[in-house]
Structures are given as structure tokens and as C-alpha cells.
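Welcome! Let's take a friendly walk through a protein chain, from the overall picture down to a few individual residues. Have a look at it first, and then read on.

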Amino acid sequence: MSQQYVVRFVGGPLDGRVDTLDRLPTQPLDTVTHVHLNDGPKIVHHYDLQYAVEYGCEYRVRSAE
């Protein structure tokens, strides 16, 4: 039985989201971009990859620059 790989999002609009993958990606993305399109202006959040022993990998929202 293979172990599932968990990707967790911390902060921003995706806070608390957990994706479960069947296997570890060979090259996980360094940054994930989330674009929120609603009736208002486009809102963009960037999540940077960090490894977490408990979860596999974790994307944390990038703080305002």
C-alpha cells in the first residue's frame, strides 16, 4: 500500500485547503498563483513552497512586498 502525499495551503483565500496526491510530484512548483475573479477587481495571491515534515509540502501565502 502506498502512502498518499499531502499538500496544504496556509494563509490567504486558500487557507486550510488540503490536496491529497497519489504520489510525490517529481518537481513541485516553487510558487502557486491563485487568481480570484469576482464582480470586482482581479485579486492575485502567490503561495511559496515550503516543506513540512507533518504534511509533505506546504504552500504559504506570500506577504505583501
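Of the 65 residues in this chain, 25% are buried. Keep in mind that what you are looking at is a predicted model. The accessible surface of the chain adds up to about 5100 Å², and carbon and sulfur atoms account for 49% of that surface. If you follow the C-alpha trace along its principal axes, it spans about 45 × 25 × 20 Å.

What is the chain built from? It has five strands and zero helices, so starting at the N terminus you would read its elements as β-β-β-β-β. You can also ask how parts far apart in the sequence meet. Among contacts with a separation of 6 or more, 32% link residues that are 24 or more positions apart.

Now let's step inside. In soluble globular proteins, nonpolar side chains tend to be buried together. Here, the largest nonpolar core consists of nine residues: Tyr5, Val7, Phe9, Leu14, Val32, Tyr47, Leu49, Cys57 and Tyr59. Strands β1 (5–10), β4 (43–52) and β5 each supply at least two residues of this core. The biggest contribution comes from β1, which gives three residues.

Pick out one member of the core, Val32. Setting aside its neighbours within four places in sequence, valine 32 is in contact with Phe9, His45, His46, Tyr47 and Tyr59. Phe9, Tyr47 and Tyr59 in that list are themselves part of the core.

Next, find glutamate 58 in strand β5, which covers residues 56–61. Is this residue buried or exposed? Glutamate 58 counts as buried, because its relative accessibility is 5% and buried means under 20%. Its side chain makes a polar contact, at 3.1 Å, with the side chain of arginine 60. Beyond its neighbours within four places in sequence, glutamate 58 is in contact with Arg8, Val10, Asp48, Leu49, Gln50 and Ala52. One of these, Leu49, belongs to the nonpolar core you have just met.

Finally, come back out to the surface. There, Val35, Leu37 and Val44 form a nonpolar patch, and together they have about 260 Å² of accessible area. Valine 35 sits in strand β3, made up of residues 31–36. With a relative accessibility of 40%, valine 35 counts as partly exposed, because that class lies between the 20% limit for buried and the 50% limit for exposed.

Terms used: Residues are numbered from 1 along each chain as its sequence is written. This is a predicted model: local features need pLDDT of at least 70, side-chain atom pairs count only at pLDDT 80 or more; totals for chains, interfaces and linings use all residues. Side-chain values use heavy atoms; hydrogens and water are left out. Patches are made of residues with over 30% relative accessible area and no salt bridge: like charges are joined within 9 Å, nonpolar side chains (Val, Leu, Ile, Met, Phe, Trp, Tyr) within 5 Å. Accessible areas come from the Shrake-Rupley method with a 1.4 Å probe; for residues, only the protein chains shown count as cover. A salt bridge is a side-chain nitrogen of Lys or Arg within 4 Å of a carboxyl oxygen of Asp or Glu. Helices (H or I, at least four residues) and strands (E, at least two) are DSSP runs, numbered from the N terminus. Buried means under 20% relative accessible area, exposed over 50%, partly exposed in between (1.4 Å probe, protein chains only). A polar contact is a pair of N or O atoms within 3.5 Å; within protein, one must be able to donate a hydrogen and the other to accept it, and residues adjacent in sequence count only if both atoms are side-chain atoms. Contact means heavy atoms within 4.5 Å. A nonpolar core is a set of buried Ala, Val, Leu, Ile, Met, Phe, Trp, Tyr and Cys residues joined through side-chain atoms within 4.5 Å.
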